Amino acid sequence: MEQREFIVEAEAAGQRIDRFLSGEDTGLSRSALQGLVAEGHVLCNGKSIAKSLKLKAGDTILLEIPDAKPIEAVPQDIPLDIVYEDDHLLVVNKPKGMVVHPAPGNPDGTLVNALLWHCKGSLSGIGGEIRPGIVHRIDKDTSGLVLAARNGYAAPLLAQRVEKLYYAVAEGELPLGPGVIDAPIGRQGESIIGRCVTPDGKPSRTEYTILKAENGLSLAACVPVTGRTHQIRVHFASIGHPLAGDDLYGGSRARIGRQALHCAKQTFWVPRCERMPDGIRVEVPVDETTLRPVTVESPLPEDMTKLFV
């Protein structure tokens, strides 16, 4: 069971507990949070509470998130575009339209199903059985690089430090050169999926460079300094330039049938090791002196390239 602790700031005083928690980055809907309150999984200053409780500044909130019931993922022989692989991990170039991990409504045909087949069941349990192996997920209609751990040793090392660059095509022609969007992101009303820029959100920063601006569109190379849900999509929509095809945040699908977003580059650090007759020998201690950087890249996909032809 996962536990998270929150301290109520002065500006949140007077809010109901469910509203307060829905403004935090819990990954849960307001109705799910209300259910956890009713089941006694939310404590205020060490005591069980009612969902009608109004908070005071300085209150300490403990949220218990029960372990997810696992969705049984079965190995499936699905072709993969593997751009890097070693004893600890692999990186896949995920096509648009492929779901990353099984979930209700998508029980199979996912990237995890394909990875289980390729790795013969040796994926790490990072994220629990519901998300085996996946270090950082991307959305179904986002294409590009996905990093997966082969073992429990590599998983936490990889999760700590991954540098990513995305290509995004935004609507409208933005000035060429660098820019920054620094705006907090939080849940969009009662939506489970949607996010928006809001003063009550979590600090979020996207650094970008506009590489091309023509045909009423802009090609941006984006570095999400923070890793909020839908961060690049929400940030560009917030400045009036939603991504092409991103109808969730106001983009048009007239020229592309999905959000024009692609994970194009990842740099991560892996331990120096060598294969031995009885396993793998890893150099210790595992720190800056024994980790080596690996950079993988994926070119702009055809459907995004065609937007500028």
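## T206 and its surroundings

In this predicted model, T206 has a relative accessibility of 0% and therefore counts as buried, the cut-off being under 20%. T206 is found in strand β12, which spans residues 205-214, and its side chain makes a polar contact of 2.8 Å with the side chain of H235. Leaving aside neighbours within four places in sequence, T206 is in contact with G179, V180 and I181, with C222 and V223, and with Q231, I232 and H235.

## E214 in the same strand element

Strand β12 also holds E214, which is partly exposed, with a relative accessible area of 31%. When residues up to four places away in sequence are not counted, E214 touches E173 and F308. E214 and E171 are separated by 43 residues in sequence, and their C-alpha atoms lie 10.0 Å apart in space.

## The nonpolar cores

The largest nonpolar core has 41 residues, and within this core F236 and F268 touch the most other members. Its largest share, five residues, comes from strand β7, which covers residues 143-149. Apart from this core lies another, of 17 residues, among them V8, I17, L21 and L63. In soluble globular proteins, nonpolar side chains tend to be buried together.

The contacts of F268, not counting residues up to four places away in sequence, are with Y84, L89, V91, L147, L158, R161, V162, R292, P293, V294 and V296. Among these partners, L89 and V91 point one way from strand β6, and L147 belongs to β7, where this residue stands opposite V91.

## Strand β6 and its partners

How many of the six residues of β6 are buried? Six of the six are, so β6 is largely enclosed by the rest of the structure. L89, V91 and N93 point one way from the strand, whereas L90, V92 and K94 point the other way, and all of them are buried.

Strand β5, residues 82-85, runs antiparallel to β6 and is joined to β6 by three bridges; in this pairing I82 stands opposite V92. The two strands form a hairpin, with three residues between them. β6 also pairs with β7 in the antiparallel sense, over six bridges, and here V91 stands opposite L147.

## Helix α3

Helix α3, residues 111-118, is mostly covered, with six of its eight residues buried. The buried residues are L111, V112, N113, A114, L115 and L116, and they pack against β6, residues 89-94, and against β7. The helix is followed by K120, whose phi is positive, near 55°.

## S298 in a loop

S298 is found in the loop between β17, residues 291-297, and α6, residues 302-305. Is this loop residue buried or exposed? With a relative accessibility of 5%, S298 counts as buried, because this value falls under 20%.

The side chain of S298 is joined to the side chain of H262 by a polar contact of 3.0 Å. Not counting residues up to four places away in sequence, S298 touches H262 together with C263, A264, N93 and L145. One of these residues, N93, is itself buried and points from β6 in the direction shared by L89 and V91.

Notes:
Residues are numbered from 1 along each chain as its sequence is written. This is a predicted model: local features need pLDDT of at least 70, side-chain atom pairs count only at pLDDT 80 or more; totals for chains, interfaces and linings use all residues. Side-chain values use heavy atoms; hydrogens and water are left out. A nonpolar core is a set of buried Ala, Val, Leu, Ile, Met, Phe, Trp, Tyr and Cys residues joined through side-chain atoms within 4.5 Å. Buried means under 20% relative accessible area, exposed over 50%, partly exposed in between (1.4 Å probe, protein chains only). Helices (H or I, at least four residues) and strands (E, at least two) are DSSP runs, numbered from the N terminus. Contact means heavy atoms within 4.5 Å. Two strands pair if DSSP finds at least two bridges between them. A polar contact is a pair of N or O atoms within 3.5 Å; within protein, one must be able to donate a hydrogen and the other to accept it, and residues adjacent in sequence count only if both atoms are side-chain atoms.
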